[in-house]
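Student: I've got a new protein on my screen and I'd like to practise reading it. Can we go through it together?

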Amino acid sequence: MTLILMAMPIFKIPILLLFLLTSIPSISSHPFDPLSPLEIQIVTSTVKSKFTNIAQRLTFHYVGIEDPNKPAVLSWVANPRSPPLPRQAFVVVRANKQTHEFIVSLANGKGSIVSEHVYQGNGYPTLTLEEQEEAIEVSLKHQPFISSIEKRGLNISDVVGSVFSIGWFGEAQSETKRIVKVLFFYKESTVNVWLRPIEGIETTVDLDDMVLTELKDIHVSVMPSSEGTEYQASTMRPPFVAETKPILVNQPHGPSFVVRGHTVSWANWDFHLSFDMRVGVVISTASIYDIDQQKNRQVLYRGQISELFVPYQDPTEEWYYRTFMDAGEFGMGSSAVALEPHHDCPSNAVFFDAFHAGQDGTPVKLENAYCMFEKYAGDIAWRHTEAVIPGKLIREVRREVSLVIRTITVIGNYDYILDWELKKCGTIKLSVSLTGIMEGKTTTYKHESEVKEEIYGLLVAPNTIGINHDHFITYYLDLDIDGQENSFHKLKLKSFKTDGSTPRKSYWSVVSEEVKKELDARLRPTEPVELHIVNPNKKTAVGNKVGYRLIPGPMAIPLLSEDDYPQIRGSLCDYDIWVTPFNKSEKWAGGMYVDRGHGDKTITHITQQNRDINNKDIVLWHTIGFHHHPSQDEFPIMPTLTGGFELRPTNFFDRNPILKMRSP
Ligand SMILES: *[C@@H]1O[C@H](CO)[C@@H](O)[C@H](O)[C@H]1NC(C)=O
Ligand SMILES: *[C@@H]1O[C@H](CO)[C@@H](O)[C@H](O)[C@H]1NC(C)=O
Ligand SMILES: [Cu+2]
């Protein structure tokens with residue numbers, strides 16, 4: 001009982017609503033509920049007790065739930081008043097320079113180790129926030145480093161550091177130590193440190209020993225002026241951009257969603273909402289109520305980010321290694337920032353805290369880690385004006401009110417705003433908005449006319465180059481369209497010639513292809529195609545297969561050569577679409593251990609098994625991408641750039657599911 005209580009999220013909602021919630025009959029905890037602080041404590045102390053006389057550091061890199069098996073989860077969801085499933089946690093620690101994986105049982109509120117395994121492959125777990133801080137501190141206190149800074153006439157107390165993962169460039173496994181580089185920036189007259197890098201000096205820190213292993217003082221770079229780099233309103237003088245008058249989002253009767261534990265009901269949707277230190281928000285066991293069939297129908301078993309790959313395109317000595325895998329290396333969840341009410345989310349939003357394990361195993365609270373709100377932005381759900389009927393004017397309009405779940409992850413200089421949006425028509429829309437600060441590289445050039453060589457980007461300010469890079473984001477989408485057995489169909493739009501019996505010479509029509517195997521599902525569409533996930537065993541009343549369609553997001557094409565190391569690790573961008581048969585342990589498009597990993601367990605390798613995907617429980621992986629050639633408008637901070645994709649019901653319903661909807 002304690003565990004069930006602890007599993008309640010701490011969210012801030014009006015007292016009145018809290019009162020209403022408590023009057024709803026209780027429900028046992030959902031199998032995907034994130035670990036509560038108490039559970040984290042139990043799990044990590046159980047693991048710690050295995051390492052009693054450890055000589056070196058014991059650091060926790062991942063602590064999260066171990067997913068129960070899918071059939072058990074589905075039968076619990078079908079009957080949520082049944083007893084909770086046994087809780088287990090999955091844990092990754094570093095100890096004695098080894099990566100240990102544990103599964104810990106939480107049965108009866110006590111921790112016990114179910115399995116223990118030393119990972120022998122290449123690559124390392126996600127960096128902890130604490131070890132990044134330590135690596136910076138070790139560097140800043142290193143006397144030869146201080147001398148190097150002083151030699152440049154800079155003030156050590158104005159130097160800040162940031163940790164950069166260094167990828168993998170063909171070294172043997174025995175040579176790929178768990179090391180990072182620390183790079184330095186100058187905060188002397190601006191908070192926008194990313195545009196004031198101290199180039200030509202870097203340290204290398206071994207994270208397992210937490211020692212500085214190398215100081216490189218290569219050259220003295222120019223320091224761009226701090227002028228115009230500030231972005232805090234309090235530091236700016238008029239004129240300001242024309243103000244708009246206040247806009248209020250006002251829901252006089254409160255939100256129309258109900259949150260029980262981590263389970264959410266809103267309009268016709270029911271789903272589970274969780275948060276994970278590696279991937280951030282996880283939406284699972286989502287179903288939609290069909291008013292015609294008068295039942296909930298399954299849509300999504302689990303959806304989350306799988307990986308985010310950001311290769312910079314400057315191959316020179318001090319930049320070549322910047323090829324980040326943000327989820328696996330830095331943690332999209334543990335790097336989530338506290339959302340600011342009224343600004344990061346509108347005034348009608350409800351905020352949720354999340355918990356993850358700190359490096360030492362103690363629970364760390366991430367306040368306002370994600371928010372949920374109903375969005376009405378003046379859009380229309382459907383409408384028609386009918387003027388053709390004499391003497392009658394018909395106008396029917398429905399407002400589009402949707403539900404948004406938002407989290408924001410900040411990895412160093414970059415901010416990723418990650419939204420899930422559920423619509424009453426059944427559409428699920430996922431979007432990524434990029435903002436934050438570009439990573440500036442210093443140069444002696446002050447004007448574009450002086451530039452006579454390759455600079456791998458654009459001169460965005462005097463002495464500052466914005467370096468070209470990409471953002472590739474792979475989503476893991478275990479769709480269960482009206483049941484588990486699904487198929488992937490490519491509906492190709494083809495041109496046809498007519499037989500000449502009318503003046504028309506051509507038309508297009510649809511040629512459907514059932515995809516049978518994993519390798520055939522991989523796709524980078526170059527011709528018009530509709531991508532359907534269907535349930536071949538369920539048909540509409542008129543006989544169409546029920547399904548959902550992927551309306552793909554922005555597609556970017558990998559431009560690195562196939563044999564380039566970042567491309568091997570980041571092969572998740574080789575295709576926009578991948579489909580695999582469901583396997584609980586296959587979730588990571590870039591591999592499980594990506595820091596310094598060799599890219600040998602990516603989605604490329606997973607799909608090489610070329611398994612059957614026809615009429616099976618399948619998973620859709622969708623990679624969206626942004627090529628980013630910086631522009632001056634993005635200096636000194638970038639206006640948001642948004643991209644996303646939709647999953648849209650396609651013959652899922654027998655007719656418009658929101659036909660019988662009244663506008664609120
Ligand atoms: C360095 O910065 C500190 C803190 O801002 C300041 O107190 C100190 O006077 C500075 N030293 C020099 C040499 O500018
Ligand atoms: C699931 O995937 C893992 C790793 O690819 C593999 O070892 C395991 O055998 C797979 N399980 C099933 C049931 O296919
Ligand atoms: Cu970018």
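Student: How many salt bridges does the rule find across the interface of domain 1 and domain 2?
Tutor: Keep in mind that we're looking at a predicted model. The domain assignment puts domain 1 at 31-119 and domain 2 at 129-234. A salt bridge here needs a side-chain nitrogen of Lys or Arg within 4 Å of a carboxyl oxygen of Asp or Glu. Across that interface, the number of salt bridges found is three.

Student: Which residues of domain 1 lose the most area to domain 2?
Tutor: Start with the contact itself, which takes six residues from domain 1 and seven residues from domain 2. About 540 Å² is buried between the two domains, and carbon and sulfur atoms give 36% of that. On the domain 1 side, 78% of the buried area comes from three residues together, the ones losing the most: Arg 57, Arg 94 and Lys 97.

Student: How far apart are the closest N and O atoms of Arg 94 and Asp 208?
Tutor: Arg 94 is among the residues of domain 1 that lose the most area to domain 2. Its side chain forms a salt bridge with Asp 208. The closest N and O atoms of that pair are separated by 2.4 Å.

Student: Arg 57 and Glu 134 also meet in a salt bridge, so how many residues apart are they?
Tutor: From N to O, the side chains of Arg 57 and Glu 134 come to 3.0 Å. Arg 57 sits in the loop between α3 and β2, while Glu 134 is in helix α5, so this pair links distant parts of the chain. Their separation along the chain is 77 residues.

Student: Is Glu 134 buried or partly exposed?
Tutor: The cut-off for buried is under 20% relative accessible area, and exposed means over 50%. Glu 134 comes out at 26%, and Arg 57 at 24%. Because 26% falls between those two limits, Glu 134 counts as partly exposed.

Student: What about Asp 158 and Lys 187: which of these two counts as buried?
Tutor: They form a salt bridge, with the closest N and O atoms 3.4 Å apart. Asp 158 is in the loop between α6 and β6 and Lys 187 in the loop between β7 and β8, so the pair ties together parts 29 residues apart in sequence. Lys 187, at 37% relative accessibility, is partly exposed. At 15%, the buried one is Asp 158.

Student: Which residues are the protein donors of the copper ion (ligand 3)?
Tutor: Look for four protein atoms lying 1.8 to 2.1 Å from the ion. One is a tyrosine OH, two are histidine NE2 atoms and one is a histidine ND1. They belong to Tyr 414, His 469, His 471 and His 628.

Student: Why does the site of the copper ion (ligand 3) count as irregular?
Tutor: With four donors, tetrahedral would need all angles between 85 and 135 degrees, and square planar would need opposite donors over 155 degrees apart. The angles among the four donor atoms here run from 97 to 140 degrees. Because 140 goes past the first limit and doesn't reach the second, the site is irregular.

Student: How far apart in sequence are the parts that Tyr 414 and His 469 tie together?
Tutor: Tyr 414 lies in strand β21 and His 469 in strand β26. Tyr 414 is buried at 4% relative accessibility, and His 469 is buried at 3%. The parts that this donor pair ties together are separated in sequence by 55 residues.

Student: Which residue forms a salt bridge with Arg 655?
Tutor: Arg 655 is in the segment after β33, and its partner is in the loop between β13 and β14, 363 residues apart from it. The closest N and O atoms of the two are 2.8 Å apart. The partner is Asp 292.

Student: What is the C-alpha separation of Phe 653 and Asp 292?
Tutor: Phe 653 is also found in the segment after β33, and it is buried, with a relative accessible area of 10%. Its contacts include Ile 288 and Cys 425. Although Phe 653 and Asp 292 are 361 residues apart along the chain, their C-alpha atoms are separated by 8.5 Å.

How values were computed. Residues are numbered from 1 along each chain as its sequence is written. Chains are lettered from A and ligands numbered from 1 in the order in which they are written. This is a predicted model: local features need pLDDT of at least 70, side-chain atom pairs count only at pLDDT 80 or more; totals for chains, interfaces and linings use all residues. Side-chain values use heavy atoms; hydrogens and water are left out. Donors are N, O and S atoms within 2.8 Å of the metal (3.2 Å for Na, K and Ca); water is not among the atoms, so sites may look incomplete. Four donors count as tetrahedral if all angles lie between 85 and 135 degrees; four count as square planar and six as octahedral if opposite donors are over 155 degrees apart and all others between 65 and 115; anything else is irregular. Helices (H or I, at least four residues) and strands (E, at least two) are DSSP runs, numbered from the N terminus. Buried means under 20% relative accessible area, exposed over 50%, partly exposed in between (1.4 Å probe, protein chains only). Domain bounds come from an automatic or database domain assignment. Contact means heavy atoms within 4.5 Å. Buried area is the accessible area (1.4 Å probe) that two parts lose on being put together, summed over both. Lists of a residue's contacts leave out its neighbours within four places in sequence.
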